[in-house]
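Colleague: I'm new to reading protein models. Could you walk me through one, feature by feature?

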Amino acid sequence: MTSAERLTSRARHGGHREVLPKLLALATDPTARPDPAWEAGAAAIQILCWEDRFAEAGELAELLIGHQGPGGGTLCDQDMPFDEAFLAAQLYAGAPAQPRLRAAADHIPEGRILRDRLLWLAEQLDLRPVEWLLPCHYDWGGPLVPREGVIGEWLLDRDFAALGPREKRVAWEAIAETNDFARGRGLVESLGELPEQYYLCLWLAGWYAVEGDVAGGERMLLAAHERWWPYMRWDAIPTSEVVQPTLRRVVTDKVRQHFLTRPAGPEAAGRP
């Protein structure tokens with residue numbers, strides 16, 4: 001296990017604030033090996049977002065890409081969280097993302113994942129709002145979507161409580177796909193049913209947010225924390241909750257404290 005992995009694991013044990021200075025030190029150490037440095041930087045960017053230090057998150061992404069991009073190392077095979085660091089810095093720190101995305105892409109060799117992602121986002125900013133390009137964006141407050149062709153739509157006419165676990169997962173997918181918050185809220189509040197999927201808890205949380213129900217949204221975000229699992233070894237904490245403007249409406253002090261101090265993912269499950 002590398003030094004970056006050890007620090008990230010300590011963060012997922014609930015020590016995000018404690019390890020952030022160490023992650024930043026490793027990420028910016030000119031003598032550190034490239035992979036531990038950028039992995040520490042990725043984890044640090046995530047935690048900085050939870051601390052509302054969006055300008056620093058964007059600057060760290062800029063620094064890492066500028067330092068490591070020309071060498072064509074494994075940093076160039078990533079996209080998250082460097083892409084969202086630039087977008088969030090525009091939303092919350094007033095730093096225009098488009099020129100920074102293009103400048104960062106210039107440091108990366110042709111044909112690499114990060115370069116293509118940054119250039120695509122720069123183009124999309126002329127077409128879509130920033131929040132649409134950030135992870136876990138849904139049509140919160142939008143209309144119902146027709147059921148026809150939606151996987152699992154046949155389950156929507158059945159008694160949800162009588163469905164098996166796998167059928168419930170598919171039914172929840174169909175509920176979200178059809179943007180049927182009324183049905184989802186009914187399952188949560190009348191039957192005590194919650195989706196097993198992390199991102200569907202975020203879908204519900206966003207709907208509670210636009211409905212002005214902070215307590216309901218808070219409940220969904222706390223449930224999402226229980227269901228989150230790191231996608232990469234450097235994943236210290238999910239960021240959609242604090243970078244999506246709609247979800248931020250229900251990020252209460254309780255939610256922020258919970259995410260930054262409670263074990264999550266494999267550490268919460270007692271796995272090494």
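Modeller: Let's start with charge. This is a predicted model, and its chain carries 29 positive and 40 negative side chains.

Colleague: How far apart do the centres of the two sets lie?

Modeller: You take the centre of the positive set and the centre of the negative set, then look at the gap. Here the two centres lie 5 Å apart.

Colleague: Okay, next the fold. How many helices and how many strands does the chain have?

Modeller: You read the elements off in order along the sequence. This chain has 14 helices and zero strands, so its pattern, by the run-based way of assigning helices and strands, is just α written again and again: α-α-α-α-α-α-α-α-α-α-α-α-α-α.

Colleague: And what does the radius of gyration tell me about the chain?

Modeller: You compare it with what a compact globule of that length would have. For 272 residues that would be near 19 Å, and the chain has 19 Å, which agrees. If you'd rather picture a box, the C-alpha atoms fill one of roughly 60 × 45 × 30 Å along the principal axes.

Colleague: What share of the residues is buried?

Modeller: A residue counts as buried when its relative accessible area is under 20%. Buried residues make up 52% of the 272 in this chain. As for what is exposed, the chain shows about 12400 Å², with carbon and sulfur atoms supplying 51% of it.

Colleague: How do I see which parts of the sequence meet?

Modeller: Look at contacts, and ask how far apart the partners sit in sequence. Among contacts between residues at least 6 apart, 68% join residues at least 24 apart.

Colleague: Now the rings. How many aromatic pairs are there?

Modeller: Ring centres have to lie within 6.5 Å to pair, and by this rule the count comes to seven. One of them is W50 with F259, a stacked pair with 4.7 Å centre to centre and 20° between the planes. It links distant parts of the chain: W50 sits in helix 2 (residues 34–50) and F259 in helix 14 (residues 253–261), 209 residues apart. Both W50 and F259 are buried.

Colleague: Why is the pair of F181 and Y208 called edge-to-face?

Modeller: Check the angle between the planes. For F181 and Y208 the planes are at 85°, with ring centres 5.1 Å apart, so the pair is edge-to-face. F181 belongs to helix 9 (residues 181–191) and Y208 to helix 10 (residues 198–210), 27 residues apart. Both F181 and Y208 are buried.

Colleague: Which residues do ring pairs link into a cluster?

Modeller: F181, W207 and Y208.

Technical notes. Residues numbered from 1 in each chain as written. Predicted model: local features only at pLDDT ≥ 70, side-chain atom pairs only at ≥ 80, totals over all residues. Heavy atoms only, no water. Helix = DSSP H or I, 4+ residues; strand = E, 2+ residues; numbered from the N terminus. Rg over C-alpha atoms; globule rule 2.2 N^0.38 Å. Buried < 20%, exposed > 50% of the residue type's maximum accessible area, 1.4 Å probe, protein only. Contact = heavy atoms within 4.5 Å. Areas by Shrake-Rupley, 256 points an atom, 1.4 Å probe, with all protein chains shown as cover. Lys, Arg positive; Asp, Glu negative; His and termini not counted. Charge placed at Lys NZ, Arg CZ, Asp CG, Glu CD. Phe/Tyr/Trp six-rings, centres within 6.5 Å; stacked < 30°, edge-to-face > 60°.
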